[in-house]
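Me: Please take a close look at one part of this model. I would like the nonpolar interior, with its surroundings for context.

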Amino acid sequence: MVTDPIADYLTRVRNAIKANHKVVEIPASNLKKSMTKILFEKGYILNFKFEDDNKQGTIKIALKYHPVTKTSAIRKLERISRPGLRKYTGSDSLPRVLNGLGIAILSTSKGLMTDKEARKENVGGEVLCFVY
């Protein structure tokens, strides 16, 4: 049993990037699926596929690299709110990652969204992670 599935998700992606893997497999959950969709929409990953095996299922993520320099589109994945210390923020004090170049993924009452979307919706929530 994993006590922090979000940290496990981020660590698996981080390790796959460091090892220059093309694809990484992660045990699925609805939260992880939403995070994967956000990373795809914002251009941090190449593609993804949800595989259902009548149990938990898996998420296959195709990582994105620069064609010439072979550097990853994801420079850093940083867990902010963790089980031992939750970090919540209101709509008036949403974090800006790298002055707007990165994204913060938030868990709000309207579902998972980036910091920019949360500003438009005028909602706050739990800051899960920073991606840049």
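Reply: Here is the interior, followed by one buried threonine and the chain as a whole.

The model is predicted: local features need pLDDT of at least 70, side-chain atom pairs count only at pLDDT 80 or more, and totals for chains, interfaces and linings use all residues. Numbering runs from 1 along each chain as its sequence is written, and side-chain values use heavy atoms, with hydrogens and water left out.

Start with the largest nonpolar core. A nonpolar core is a set of buried Ala, Val, Leu, Ile, Met, Phe, Trp, Tyr and Cys residues joined through side-chain atoms within 4.5 Å. Buried means under 20% relative accessible area, exposed over 50%, partly exposed in between, with a 1.4 Å probe and protein chains only. The largest core holds 26 residues. Val13, Met35, Ile61, Leu63, Ile74, Ile105 and Val131 touch the most other members. Two or more residues each come from α1 (5-18), β1 (23-27), α2 (30-41), β3 (58-63), β6 (103-108) and β8 (125-131). Helices (H or I, at least four residues) and strands (E, at least two) are DSSP runs, numbered from the N terminus. The top contributor is α1, with six residues.

Now Ile105. Contact means heavy atoms within 4.5 Å. Neighbours within four places in sequence aside, Ile105 is in contact with Met35, Ile38, Leu39, Leu112, Met113, Glu126, Val127, Leu128, Cys129 and Val131. Another core lies apart from the largest one. This other core has 10 residues, among them Val97, Ala118, Val123 and Val127.

Next, Thr89. This residue is found in strand β5 (residues 88-89). Thr89 counts as buried because its relative accessibility is 14%. A polar atom of the Thr89 side chain lies 2.7 Å from the backbone oxygen of Ser93. Neighbours within four places in sequence aside, Thr89 is in contact with Leu94, Pro95, Leu106, Gly124, Gly125 and Val127.

Finally, the whole chain. There are three helices and eight strands. From the N terminus on, the order is α-β-α-β-β-β-β-β-β-α-β. Of the 132 residues, 40% count as buried. Among contacts between residues at least 6 apart in sequence, 60% join residues at least 24 apart. The C-alpha atoms fill a box of roughly 40 × 40 × 25 Å, taken along the principal axes. The radius of gyration of the chain is 15 Å, which agrees with the value near 14 Å for a compact globule with 132 residues. That radius is taken over C-alpha atoms, and the globule rule is 2.2 Å times the number of residues to the power 0.38.

Conventions: A polar contact is a pair of N or O atoms within 3.5 Å; within protein, one must be able to donate a hydrogen and the other to accept it, and residues adjacent in sequence count only if both atoms are side-chain atoms.
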